[in-house]
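Here are a few exercises to try with the model open on your screen. Have a go at each task before you read the solution.

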Amino acid sequence: MCGRYGLKSDKQKMADEFHAKKVRPKVVLAPNYNVAPSLHLPVVRLDEEGDRELTLMRWGLIPFYSKDDKAANKMTNARAETVATLPAYREAFRKRRCIVPADWFYEWQGLDPQRKKTQSWAIARKDRRLLGMAGLWESWNDPATRQPLETYTILTTDPNEVMEPIHMRMPVILRPEEYQRWLEPLDSARPPTDLLRPSLVALEAWKVDPKVGNVRNTGPELCEPWADDLPTPSLFG
């Protein structure tokens with residue numbers, strides 16, 4: 001799964017990394033070292049003209065047919081194995097795929113069978129470039145405001161060799177050469193299901209402070225290497 005991640009890059013760096021020609025004027029960002037569901041966060045998608053744009057959406061997908069927004073709490077992640085067939089995701093998989101930028105993501109390793117004790121980990125690309133996580137987005141008409149609300153979910157898959165000792169799932173991480181195929185309209189003869197596999201991007205994982213488990217903690221110390229309660233030098237500078 002992917003229930004929390006970090007985003008310290010500014011919008012220009014994200015636009016450059018994902019070759020987004022357009023940045024929505026309302027995209028105003030501050031670094032967040034402990035991004036949580038329900039926040040409005042940057043995603044990359046194709047606009048009506050087929051150009052990549054960086055825009056904000058709320059994390060937690062609400063299917064277009066929903067009567068309220070309660071589904072969002074349960075739909076921050078979607079299993080890659082079923083997105084093409086489940087009613088909540090299949091239309092978005094066909095028409096509304098996106099990329100979710102992140103500098104790193106967090107995961108919790110169970111230290112006992114009941115997971116009463118856990119160890120927090122941060123995972124990033126070895127080269128520290130932005131991660132491009134595969135996502136789906138949806139537009140939902142809020143009956144209260146009568147305004148459209150755009151939301152997204154992050155796809156997850158089986159772990160690779162870095163993640164396997166930590167957790168049984170991981171976000172789908174795309175390689176830069178796969179971004180366009182993931183974003184462009186579905187080719188029924190060649191759907192991008194082959195991209196929904198354990199990461200081929202070189203990753204690095206390190207232990208972080210347990211305080212990351214509290215969403216109220218958002219400071220830069222959360223992503224620093226942690227051992228025996230003593231922080232070590234910064235990995236992100």
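**Exercise 1.** In this predicted model, work out how the lining of the second largest pocket splits by residue class.

*Solution.* Start with the class counts: the lining has 11 nonpolar, three polar and three charged residues. Next, get a feel for the space itself, which has a volume of about 210 Å³. Now find the middle: of the 17 lining residues, the closest to the centre are Val28, Leu29, Ala30, Pro31 and Asn32. Finally, look at who contributes: helix 1 (11-17), strand 3 and strand 4 (40-46) each give two or more residues, and strand 4 has the largest share, with three.

**Exercise 2.** Which residues lie closest to the centre of the largest pocket, and which elements give two or more residues to its lining?

*Solution.* First, the volume: about 270 Å³. Of its 11 lining residues, Arg24, Lys26, Thr55, Leu56 and Glu150 sit closest to the centre. Then check the elements: strand 5 (52-59) and strand 11 (147-157) each supply two or more, and strand 5 gives the most, four residues. By class, you get five nonpolar, two polar and four charged.

**Exercise 3.** Why do strand 3 and strand 13 each have one side without a neighbour in the sheet?

*Solution.* Write down the strand order of this open, antiparallel sheet: 3-1-8-9-13. Strand 3 (32-35) and strand 13 (203-207) are at the edges with a single partner strand each, so one side of each has no neighbour in the sheet. Now zoom in on one pair: strand 1 (residues 5-7) joins strand 3 through two antiparallel bridges. There, leucine 7 has asparagine 32 of strand 3 as its bridge partner.

Definitions and conventions:
Residues numbered from 1 in each chain as written. Predicted model: local features only at pLDDT ≥ 70, side-chain atom pairs only at ≥ 80, totals over all residues. Heavy atoms only, no water. Pairing = 2+ DSSP bridges. 1 Å grid on protein atoms, 1.4 Å probe; cavity = no way out; pocket = protein on both sides within 12 Å on 5 of 7 lines; lining within 4 Å. Points joined across faces, edges and corners; volume = space filled by probe spheres on them. Nonpolar A, V, L, I, M, F, W, Y, C, P; charged D, E, K, R; others polar.
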